[in-house]
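Subject: Structure handover

Hi there,

Here is the structure I promised to pass on to you. Please open it next to this message, and then read on for what turned up in it.

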Amino acid sequence: MMHVDVLTLFPGMFEGVLHSSIMKKAQEQQAASFRVTDFREYSTNKHKKVDDYPYGGGAGMVLKPEPLFAAVEALTSEAQSTPRIILMCPQGERYTQKKAEELAKEEHLIFICGHYEGYDERIRKHLVTDEISLGDFVLTGGEVASMAIIDSVVRLLPEVLGNDQSAVHDSFSTGMLEHPQYTRPASFNGLEVPPVLLSGNHAEIDKWREEQVFLRTAERRPELLESATLTEHQQKLYQQWKQKRD
């Protein structure tokens, strides 16, 4: 079972997320457990302050090191395994599906969700193992970003999705985007499902899906093709695509 700790100043934000949908199912399946902690509880200040003005001046407030170091020590004092301690930060490594797959192999994850102007640098250098950013934009705090990452990791755990192949064929799991999907009815407002999907010929269906994975990626995210693992058929399509593009 994976255990996930979240350190935040706003624990109420996680109530709905961790007790709904896949997160709820993961707990029912005993694939994951969650604990959300208000790290203000670890402040030694009589007013429970966790931030202060930056040395050298400047705008905003900076999270102090003491409460977070104390909180992590408390969460890990009886831990059976060494946790990955993840700092949610716009300066961090840009998050990818590959990172989600890496984190899904861990037994214990601790997410630190900051607010205010930033973190005392000693937190970055001497407490955390990973700094992660969802992208090149800034959120009010790390809560929303950590929710997204927890969801993307927990859904990869065995039996959480119900069908272990579901995650395998997700966009980015293969390095490319997922093929188009269709369901009933076969005809809707004059819009038809591709005939090959109705043919029952699984070899032809697999070939069509390979082509669509390549074509959709080439159209929407061509930079992914440079590092993607291509089938023999997709390699031929890639060479044709490059010749047309050049």
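A residue is called buried when its relative accessible area is under 20%. Leu 103 has a relative accessible area of 0%, so Leu 103 is buried. Please keep in mind throughout that this is a predicted model.

**Around Leu 103**

Leu 103 belongs to helix 4. Setting aside neighbours within four places in sequence, the residues in contact with Leu 103 are Met 2, Arg 84, Ile 86, Tyr 95, Leu 109, Ile 132, Ile 149 and Val 153. Glu 28 is another matter: Leu 103 and Glu 28 are 75 residues apart in sequence, and their C-alpha atoms lie 21 Å apart in space.

Further along the chain, Glu 107 sits in the loop between helix 4 and strand 6. Again leaving out neighbours within four places in sequence, Glu 107 is in contact with Met 1, Met 2, His 3 and Ser 81. Glu 107 and Ser 81 are 26 residues apart along the chain, with 6.9 Å between their C-alpha atoms.

**Salt bridges**

How many salt bridges does a search of the whole structure find? The search gives 13, and I have picked out three of them for you.

Arg 84 pairs with Glu 106, and their closest N and O atoms are 2.9 Å apart. Arg 84 is in strand 5 (residues 84–94), while Glu 106 is in the loop between helix 4 (97–103) and strand 6 (108–112), so this salt bridge ties together parts that are 22 residues apart in sequence. Arg 84 counts as buried at 14% relative accessibility, whereas Glu 106, at 24%, counts as partly exposed.

Lys 99 and Asp 130 make a salt bridge too, with 2.9 Å between the closest N and O atoms. Lys 99 comes from helix 4 and Asp 130 from strand 8 (residues 130–133), so the pair ties together parts that are 31 residues apart in sequence. Lys 99 counts as buried at 6% relative accessibility, and Asp 130 counts as buried at 7%.

Which residues are linked in a network of salt bridges? The members are Arg 84, Glu 93, Lys 99, Glu 102, Glu 106 and Asp 130. Both of the pairs described above have their residues in this network.

The third example is the salt bridge between the side chains of Glu 121 and Arg 124, at 3.2 Å from N to O. These two are 3 residues apart in helix 5 (residues 121–126), so about one helical turn separates them. Glu 121 is partly exposed, with a relative accessible area of 41%, while Arg 124 counts as buried at 12%.

**A nonpolar patch on the surface**

On the surface, Phe 10, Met 13, Phe 137, Leu 139 and Val 144 form a nonpolar patch, and together they have about 440 Å² of accessible area. One of these residues, Met 13, is in the loop between strand 1 (2–8) and helix 1 (15–18). Met 13 counts as partly exposed at 38% relative accessibility.

**Two helices that pack together**

Helix 8 (residues 202–220) packs against helix 9 (residues 232–245) at an angle of about 35 degrees, and their axes are 10 Å apart. The crossing of helix 8 and helix 9 is right-handed. On the helix 8 side, the residues that meet helix 9 are Lys 207, Glu 210, Glu 211, Val 213, Phe 214 and Ala 218. Their partners in helix 9 are His 233, Gln 234, Leu 237, Tyr 238 and Trp 241.

**Backbone points to look at**

Most residues other than glycine have a negative phi, and most peptide bonds are trans. Here are some exceptions to look up in the model.

- Arg 184 and Pro 185 are joined by a cis peptide bond, with omega at about 5 degrees. Pro 185 is in the loop between helix 7 (164–168) and strand 9 (187–188).
- Glu 159 is not a glycine, yet has a positive phi of about 75 degrees. Glu 159 is in the loop between helix 6 (143–154) and helix 7, and is exposed, with a relative accessible area of 51%.
- Asn 189, also not a glycine, has a positive phi of about 50 degrees. Asn 189 is in the loop between strand 9 and strand 10 (191–192), and is exposed at 69% relative accessible area.

Happy browsing, and best wishes!

Methods: Residues numbered from 1 in each chain as written. Predicted model: local features only at pLDDT ≥ 70, side-chain atom pairs only at ≥ 80, totals over all residues. Heavy atoms only, no water. Salt bridge = Lys/Arg side-chain N within 4 Å of Asp/Glu carboxyl O. Helix = DSSP H or I, 4+ residues; strand = E, 2+ residues; numbered from the N terminus. Buried < 20%, exposed > 50% of the residue type's maximum accessible area, 1.4 Å probe, protein only. Patch = residues over 30% accessible without salt bridge, like charges linked within 9 Å, V, L, I, M, F, W, Y side chains within 5 Å. Areas by Shrake-Rupley, 256 points an atom, 1.4 Å probe, with all protein chains shown as cover. Axes fitted to C-alpha atoms, helices over the stretch in contact; angles between N-to-C directions. Left-handed = near helix turned anticlockwise from the far one by under 90°. Contact = heavy atoms within 4.5 Å.
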